[in-house]
Every structure is written in structure tokens, then in C-alpha cells.
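Biologist: I would like to learn how to read strands, sheets and helix packing from a set of coordinates. Please take me through one case.

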Number of protein chains: 2
Amino acid sequence: MAIVRIMRAEQFGLKREVEYGSPEQNEVVRTIIADVRNEGDAALLRYTAKLDRAELTAAELRVTQAEIDAAYDQVDAAFLTAIREAAVNIRSFHEKQKRNSWMDLQPDGTLLGQILRPLKRVGVYVPGGKAAYPSSVLMNVIPAQVAGVPEIVMVTPPSTGGRDGIDPGILVAAAESGVKEMYRVGGAQAIAALAHGTETIAPVDKICGPGNIYIALAKREVFGAVDIDSIAGPSEIIVLADEFADPAYIAADLLSQAEHDEMASSILVTPSEQLASAVAAEVERQLATLPRQAIARASIDSYGAVLMVDSLEAGIDVVNKLAPEHLEVLTADPMRLLGLIENAGAIFLGPYSSEPVGDYFAGPNHIIPTNGTARFSSPVNVDDFLKKSSLIYYSKEALLANGDKIMTLARQEGLEAHARAIQIRLEREGR
Amino acid sequence: MAIVRIMRAEQFGLKREVEYGSPEQNEVVRTIIADVRNEGDAALLRYTAKLDRAELTAAELRVTQAEIDAAYDQVDAAFLTAIREAAVNIRSFHEKQKRNSWMDLQPDGTLLGQILRPLKRVGVYVPGGKAAYPSSVLMNVIPAQVAGVPEIVMVTPPSTGGRDGIDPGILVAAAESGVKEMYRVGGAQAIAALAHGTETIAPVDKICGPGNIYIALAKREVFGAVDIDSIAGPSEIIVLADEFADPAYIAADLLSQAEHDEMASSILVTPSEQLASAVAAEVERQLATLPRQAIARASIDSYGAVLMVDSLEAGIDVVNKLAPEHLEVLTADPMRLLGLIENAGAIFLGPYSSEPVGDYFAGPNHIIPTNGTARFSSPVNVDDFLKKSSLIYYSKEALLANGDKIMTLARQEGLEAHARAIQIRLEREGR
């Protein structure tokens, strides 16, 4: 029987149990954070030995320039060229997001403004898990750098994906995106070190980057002491297409999402029954030769679907309801639908805007809200690394003109001392 | 003995135990949220009867136009004039924060962009506690409205500060700032209704507004299902001043912060011993006649201080370390120091920029990061009510030119299906 479910959109409900951690996992994380906070490097090294099986001294935590040079020798030229060009594109897209501090000068001499400043120090976590993702290093680091963050530090487990040592692609990506400070430390102990600092690692103002459940729980635990990015859920794509789309393109794009992990969700929404069955068949065919076939199959099987709708407009309603991380629009005239799309983290229009174009190269960020949170949140961007301060220089004239109104509002709220702070100034001015 | 502590800055550490709720309180909140989520209005009304002692029907939850009209009759003309002018100023300051969606058209036909859209529906919580704060209604609602949020709903307990019914100032402030939908419901049950919806109250995308510990815990609990604003801690002010400042102004400003609550913190940082003792004496003197004397005294006693530094530059270091919610600079030449201030939520320059000017009237937002979080977060602003989507329209030319690099990066990460989504398109184009 076919692996791809074809059903009416009305019958579909995307239900994914997202793991928020057991009480035991939370307890483990709290203990690690408390220990690192109290003991510093000692606890950091102890947990690194215990959990990452790496016996290190404090002096060995920091990645050396020699290692970074060695990493360059290990990656091939094509990768280096590609990642350098990707970095240029990502930087140029994010440069366009920059804003300046501004001020508003009023006739009475009053000056109001908003001061934008970069965060001072940001920590980027790079997971060591199954696969190494140099692209995610670029997507986290470059926006912070464009914002003007002077200190960007990367932490990553002592060894990546079974290999002995950190993946050279990761080191090269970090160096290429401008990271000067890298430490071989991972897990909740790394998050604790970034949040509270140790003798070797100075504390940061914000922690970003993906990771397993322990990283997610640790980030949530230290939030408040530092800022954190959003906790990412499994990846998602919706392809909205009509009969003019190429079923093979759609199947390939659905599978590129599905190969990420078993909980990834790949959905086609279409009014065309012919396209629906053609895509279902294509998915079967292309699956057969995929290296990560087992993962992709499990994902399609559990969270994949083709949803039938009466029209593209009805399809847009489904999109807005699910608020997908990625949306591809493969229709005869995709621009016509753009204005109707309310909720989608990243929107890919037309047959050549395959999701990997955005994952790796075009310039927009590939760290995008999941699990329907595109309703209210945004892909990683420069604003995430800026903070704002309000500026008020009130003139004597303005205070004399408005003091009474300010006192009225303060007294309405029963805050007499607020009123008197104004009154004493008015009295000094002979009012 | 004097109430105001005078000490060297080095000896000072601002230690405030911020209440994050007991396991029991968390359990209560989780139960309320689960009940409202499962039973809707029934649970909402049951908890309103139990916790707010108000027996209501579902039909009575919504505040009527008649009540709003009645509120206008109950507030006096001076208040109405003042709040209308404040609303104009707040709107005009936040209008200057607005941004447009943008796109970047490239020579090969590629189009990249960032689409900014307002959230669709926002809920504003207005507490019923001791005091009623119409000004906070403006500060929460107007930025959302300027962002373009089409549906802004206010919830507030059935009675405010002991009075029978909602404070008329609150209703007028909401009406003046453009709220069309108001419900008489408070507590964790109100947060649950906003997050998950009931038969009477439709769910929102974001919840803002201050509240007691139960509100804070409920907001944290529903975060993820909806967005929330930051959890505000006790209010703070640092006044940085030299010998040219007026001690009476400074004392009045410190006390206007101290009267908020016992945990508020009011600190003077100065190199002038003469100013230090003059301010300490003035605080004593002015305290004596304050209606909220007990609260202000407790706050000054526990969290107030005068910190001696060797220079104004050294004072700035203290400011940047504490990252205060409010900073007043009362020196001979305050502008000279502005560039050195890294961490402060709102900056008030000069003798006439008393904090209440910003609390009520000037235009910048008075909801500002507390507890040192100004290091990485910002006053409430228009961006808090906008979400961004990335837009990618990649041209055939761009894909032909860059496809190989994209495949290289995908294969480096072991994601073959990503590479094939590009490859199949290149093959179709005869590559």
C-alpha cells in the first residue's frame, strides 16, 4: 500500500507530541547547571569527562588556531568556495535588516529617541549529534555579527558525530563567519558555562543554537539570567501546488524535509487529484534510492500527507491555520497568492525556489519558527541581537506646559510621590 | 539613624529574591489552565465566582458599551484631557518605530525579501490589585495598534481595588486607546481563556500586561501556545548625578520609584559626598509627608542606597553593571555621558526629565526591562507586535549558476535528498 496518505484537508490535524522533557531530565539539567555555577571549570571538566568521554584540562577547552588551520586543510576546495559564497549572501541579506538609533527633536527643545545597541557577548551552541551542520553556524553567527555584537563565542562538543575531534566543516564555518573564540564543550554544562561563566569561559548575554532535549531544557532553565533563542521543534514544509507543478520537484522537496528526522512533517496541499497521485507515486520512487531512506520513510509515514482542497484560496486557509516553518508555492502564478499568506516562516515562490536554496545559500536565515509559532514569531534576524533604550530629554518649557497633566495622571493612579516629583520642579520655577 | 545607606559602590550588590512561585502555586495555575482549556466558559465562570467572588453568566463577561459610556461620566475632565494627550504622544513616538516589508531584486531575476505583518489578535491583561493603572493600558495597547494588530482584547478582573466594578479610568483608557473588546475576567483563568479560547473569548496570538505571581506563572505556562511579553520584576531607578544637581529633585525622583512597592529599588550614584548627604536628608524630609510612606520607607530601607564613586565615568560602569530599568542623568553636561551608557532600559537626561514624565506622558513606553535584563531586552515597542517572514523567489538563472554549490553544502552535511532536490531541477534544464 502507498506510504503517502491522500485525504481531505478537513480531516487532517497535525498532531506532534513535542518532547518537553521528563522530571528526571529536568532534574539532571538543574543539577549540572547548579554544579557548573558553583564549581566553574572543575564541574565543567568533570561533566565533559563523564558525558562526552573527553578528559580535558581547563587549558585544553579552547580550540587553538593550529586546530582551525588544520581544519582548513581537511575540507575540500569546493566546500570552502561554496561556504564563502553562502556567507557573503547571508551577510548581504541580513545587512538590509539593520536599523539606526533615531531621535525626534521637538520645537520646545524636547528630544525623544530610541537607541539601538548590539548585545555585548553572544554564545552559539553547535550540536555534536549525528550530523554536523556548518550552515547552521553561519545562520546563527552572521546575524549577530551584522548587528555588531563584538564578542561571539562558539561551544561544541569535543567530538562530532563519532569522529575524534570537532568536525572540520564546523570549525571552518565558524572561522569564515568570524568567530574568534571557540570551546570544545557541549551539553547542559556548556549552556551553564555560557550563562553563568567559569574561570575559562566568560558569561554571555544571549545563547542561541539548536541541540537535543538537554540543551533545550538547559536553555529554558537559564532564561532570565541570559536571553535565549526559541526552542526549535521538528522541521516542517508545506508545498501548495496546482496542476501546473512538476510532481518530481514536489516529491524531491518533500523528501528533503523528511530526511531531517522521523518527526519532520512534509505536506502537499493541492486542488489537483492528478497532481496528488503523481506526487505520491514520485515520493515512493525517489524514496527507494535515498541514503537516509529509513528516516524519510518514517517521517512521511507518520507526519506526511497530501491534503485535497477545493481551490488554491482554500489551500491558503490551510497554510494560515498550520503556520508552517517552510512554505513552497508551486503554482502557475505564485505572486498572486503572496498577499493572502498570513502565517509562514519562510515563503519559497516558483519552481526554482527549492527549500535547500534557502537552507544553504540564498541569504535569508534557515532558523525559522516551527510548530505553528510562525503565527507570532520570526526567522532569526538582526533584531534578535539588538536591544533598544528609550531616550528622554525633556525641556523646561515642556515640563511647564505639561506638568499639570502629568500630575493629574499620577494622582489618578494614587501615586502622589510621582506627582510631587513634578510639582517640586514647577515650584522651583515659580509655579 | 538615617534610612538611606551611603556606601562605596564596590560594597554594593543588588540582591533581590524575585518570586517565581512555589510548587503549590504552579500546581494551582496548571489546574486552572487545564480546566478552562477543557471546559471553556463553564470553568472560566466557576473560577471567577470562586476567586473573584463574582457570579456571572457567559453573556455578562463582556463589558457593554453602556458601561463604557458610564465610565466616561465618572472620570473628571482633567483626567480625560490628560490621558487623551498622553495617548497622542505615545502613538506619535511609536509610529516612528514602524517599518515596511522590503525586497531585494537581483540582476538575475531573483527576488529576496522580508515581509513584516502584524499579529492578528493580542490580549492585554490589566490587573485589578491595589491600584488601577490606566497608563499601563495605553502603554500596552497603543504599540500593538500602531503595529496594525486588528484585534486587541482587554481582560481585567470584575472589580478593581475593592471598588464594585471595573475602575472607570481603566475603561476610559482602553476605549481611548482603541480597544473594542473587553471582558471582566482576571487571574490565571483569564490567561487560560486568552491562550486557548472559550465559547465567549476567542484565543489570541500574544498575551501582554502585568499581574501578580499567578498571572506570571500562567503566562509562562501558556508560552509556546501563544507568545507572551516579558515577566516584569520590581521597578528600579538609578540616578547618576554630580554636585550641580538639585538634591530635592533627586530625592523626589527616588521616592516616586520607592512608592511603587516594597521591593522597588532607588539608587543614587555620585562622586559628590556633599550631594550624597544632602539627598539622604531630603529623602527623610520628603518621606515624612508621603501618603504611601510605609511602602516607600520599606523600599528605601531594603533596596535603596547612595553609591559613592570616584568619577562620573566610574558611575557609568556601575550603571552598565546593574543595567537599570530607569536611569536619570542629572549632571552639568548629561549628553557627554550618553555614548558611554550601554545598559539601561530608559534614559532620562537633565533636571526636567523626571521619571514620571516618561511614566505618563512624553511618549516612550513605560514597560521596560527590569532585574538587569536591559542587558539584552528592550522596552515594549512596535516590533513586539510584528512577525517577519522570509521571501525567496529564486530565478532559473540563479539556480543554474549556484546549484552545484548548494549540492556541495548539502552533501557535506550528509543530506543527499537536499542535494537531489536541486539536481533534479538542473537535470530538467539539461545539466
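Biologist: Which residue is the bridge partner of B:Thr270 in β11(B)?

Modeller: The partner of B:Thr270 is B:Met308 in β11(B). Keep in mind that this is a predicted model. The pair belongs to a ladder of 4 bridges between strand β10 (residues 265–270) and strand β11 (residues 305–308) of chain B, and these two strands run parallel.

Biologist: Which helix packs on the sheet there, touching β10 and β11 of chain B?

Modeller: Helix α10 (residues 273–287) of chain B does, and its contacts also take in β1 and β9 (236–241) of that chain. The direction of α10 makes about 155° with that of β10(B).

Biologist: How many strands form the open sheet that holds β10(B) and β11(B), and in what order?

Modeller: To read a sheet, walk from strand to paired strand and write down the chain letter each time. Here 9 strands give the order β2(A)-β3(A)-β14(A)-β13(B)-β12(B)-β9(B)-β10(B)-β11(B)-β1(B), with mixed pairing. The edge strands, β2 (102–105) of chain A and β1 (6–8) of chain B, each pair on one side only. Neighbouring strands are turned by 20° against each other on average, direction ignored.

Biologist: What is the order of the open sheet that starts at β1(A)?

Modeller: That sheet runs β1(A)-β11(A)-β10(A)-β9(A)-β12(A)-β13(A)-β14(B)-β3(B)-β2(B), which is 9 strands with mixed pairing. At its edges are β1 (6–8) of chain A and β2 (102–105) of chain B, each paired on one side only. The average turn between neighbouring strands in this sheet is 20°, direction ignored.

Biologist: In what sense do β2(B) and β3(B) pair, parallel or antiparallel?

Modeller: β2(B) pairs with strand β3 (residues 111–118) of chain B in the antiparallel sense, over 4 bridges. As an example of facing residues, B:Met103 stands opposite B:Gly113 in β3(B).

Biologist: Which strands of chain A do helices α11 and α12 lie across?

Modeller: Helix α11 (residues 293–303) of chain A lies across β10 (265–270) and β11 (305–308) of chain A, at about 55° to β10(A). Helix α12 (residues 312–322) of chain A lies across β9 (236–241), β10, β11 and β12 (326–330) of chain A, and runs at about 170° to β9(A).

Biologist: How are the two chains related: by what turn and shift can chain B be laid on chain A?

Modeller: For two copies, look for the turn and shift that superpose them. Here a turn of 180° with a shift of 0.0 Å along the axis lays chain B on chain A with an RMSD of 0.0 Å. That is the relation of a two-fold axis. The same surface serves both copies, since 100% of the contact residues of chain B recur in chain A. Of the residues of chain B, B:Asp383 comes closest to the rotation axis, with its C-alpha at 4.5 Å.

Biologist: At what angle do α4(A) and α15(B) cross?

Modeller: For a helix pair, read the axis distance, then the angle, then the residues that touch. The axes of α4(A) and helix α15 (residues 396–412) of chain B come within 9 Å and cross at roughly 110°. The two helices are therefore roughly perpendicular to each other. A:Ala78, A:Phe79, A:Ala82, A:Ile83, A:Glu85 and A:Ala86 of α4(A) meet B:Asn402, B:Lys405, B:Thr408, B:Leu409 and B:Gln412 of α15(B). These contact residues divide into 6 nonpolar, 3 polar and 2 charged.

Biologist: How do α4(A) and α6(A) cross?

Modeller: Helix α4 (residues 77–95) and helix α6 (residues 168–176) of chain A have axes that come within 10 Å and cross at roughly 40°. That makes α4(A) oblique to α6(A). The crossing is right-handed. Among the residues that make the contact are A:Phe79 and A:Ile83 of α4(A) and A:Val172 of α6(A). The contact residues divide into 5 nonpolar, 1 polar and 3 charged.

Notes:
Residues are numbered from 1 along each chain as its sequence is written. Chains are lettered from A and ligands numbered from 1 in the order in which they are written. This is a predicted model: local features need pLDDT of at least 70, side-chain atom pairs count only at pLDDT 80 or more; totals for chains, interfaces and linings use all residues. Side-chain values use heavy atoms; hydrogens and water are left out. Axes are lines fitted to C-alpha atoms, for helices over the stretch in contact, and angles run from 0 to 180 degrees between N-to-C directions. Angles under 35 degrees count as roughly parallel, over 145 as roughly antiparallel, 65 to 115 as roughly perpendicular and the rest as oblique. A crossing is left-handed if the near helix is turned anticlockwise from the far one by less than a right angle, and right-handed if clockwise. Contact means heavy atoms within 4.5 Å. Ala, Val, Leu, Ile, Met, Phe, Trp, Tyr, Cys and Pro count as nonpolar, Asp, Glu, Lys and Arg as charged, and the others, Gly among them, as polar. Copies are superposed by least squares on the C-alpha atoms of residues with pLDDT of at least 70 in both. Two strands pair if DSSP finds at least two bridges between them.
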